[in-house]
Amino acid sequence: MPVYFDRYLREERLNARTGGILALYDTAAPVSCHPAGERWLVLCVAHDTETRFSRLAQARRALAHPEEHCADCAALVRAQDDVAADPASATLAPHERGARVIARATVLLGRPLADR
Ligand SMILES: [Zn+2]
């Protein structure tokens, strides 16, 4: 992860679905450090994935929908849906369900989830 100073941090949000923190950076303030047209940066802290946006509205949407720009978040959300749709998971304890979600996400990604 590149080093971003707190002075560029605009907003942090915990995503209820993935349990991960998303951070929004304004790379134009106070001193510009962005390529042209890519002022807004959204970082998935859990998976160390960053995506740049030219418009603030796009970046704010990305904060709420990490599964649209982070492959690990996408696998996690899809794995949650797959496990929830499996009738056999209805009687699982929460930690067993969580283990199944992680296992399914690993299959979907073809690798382990990035470290949290
Ligand atoms: Zn992510």
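E12 counts as exposed, because just 12 C-beta neighbours sit inside 10 Å of it, and the cut-off for exposed is 12 or fewer. Its place is in strand β1. Keep in mind that this is a predicted model. The chain has 116 residues, and buried ones make up 24% of them. Here's a walk through the rest, starting from that strand.

**Overall layout**

- The chain holds 3 helices and 4 strands.
- Reading from the N terminus, the order of elements is β-β-β-β-α-α-α, so to speak strands up front and helices after.
- Take the contacts with a separation of 6 or more: 35% of them join residues 24 or more positions apart.

**E12 and its surroundings**

- Leaving aside residues up to four places away in sequence, E12 touches I21 and A23.
- V45 is 33 residues from E12 along the chain, and their C-alpha atoms are 9.8 Å apart.

**The sheet**

- The four strands make an open sheet in the order β1-β2-β3-β4, and the pairing is antiparallel.
- β1 and β4 (49-53) are the edge strands; each has a single partner, so one side of each has no neighbour in the sheet.
- From one strand to the next, the twist averages 20°.
- α1 packs on this sheet and touches β1, β2, β3 and β4, with its direction at about 10° to that of β3.

**Strand pairs, one by one**

- β1 (residues 9-14) pairs with β2 in the antiparallel sense, over 5 bridges. One bridge to look for is L14, whose partner in β2 is I21.
- The β1 and β2 hairpin has 6 residues between its strands, and G19 there takes a positive phi near 75°.
- β2 and β3 are antiparallel too, again over 5 bridges. L24 stands opposite V42 in β3, and L22 has C44 as its bridge partner in β3.
- β3 and β4 run antiparallel and are joined by 5 bridges. Here W40 has F53 in β4 as its bridge partner.

**D48 and the turn after β3**

- D48 lies in the loop between β3 and β4, a hairpin with 4 residues between the strands.
- What is the phi of D48? It is near 55°, a positive value in a residue other than glycine.
- D48 counts as partly exposed, because it has 13 C-beta neighbours inside 10 Å and the exposed class stops at 12.

**β3, a covered strand**

- How many residues of β3 are buried? The count is 5 of 5, so to say mostly covered is fair under the cut-off of 20 or more neighbours.
- In a regular strand, side chains alternate between the two faces of the sheet.
- In β3, W40, V42 and C44 are on one side, L41 and L43 are on the other, and all of them are buried, leaving both faces covered.

**The nonpolar core**

- The largest nonpolar core has 20 residues, and V42, C44, L76 and A79 touch the most other members.
- Elements giving two or more residues to this core are β2 (21-26), β3 (40-44), α1 (56-64), α2 (71-85) and α3.
- Which element supplies the largest share of this core? That is α2, with 6 residues.
- Domain 1 (6-65) and domain 2 (71-109) each put at least three residues into this core.
- L76 touches T18, A105 and L113, again setting aside residues up to four places away in sequence.

**Helix α3**

- α3 (residues 94-109) has 16 residues, which at 1.5 Å a residue should span 22 Å; the C-alpha atoms at its ends are 22 Å apart, so the two agree.
- Just after α3 comes G110, with a positive phi of about 80°.

**Residues to click on while you look**

- For the core, pick V42, which is among the residues touching the most other members; V42 is also the residue opposite L24.
- C44 is another of those well-connected core residues, and C44 is the bridge partner of L22.
- For positive phi values, try G19 in the β1 and β2 hairpin, D48 in the β3 and β4 hairpin and G110 just after α3.

Methods:
Residues are numbered from 1 along each chain as its sequence is written. This is a predicted model: local features need pLDDT of at least 70, side-chain atom pairs count only at pLDDT 80 or more; totals for chains, interfaces and linings use all residues. The expected span of a helix is 1.5 Å times one less than its number of residues. A nonpolar core is a set of buried Ala, Val, Leu, Ile, Met, Phe, Trp, Tyr and Cys residues joined through C-beta atoms within 7 Å. Domain bounds come from an automatic or database domain assignment. Two residues are in contact if their C-beta atoms, placed from the backbone, lie within 7 Å. Two strands pair if DSSP finds at least two bridges between them. Axes are lines fitted to C-alpha atoms, for helices over the stretch in contact, and angles run from 0 to 180 degrees between N-to-C directions.
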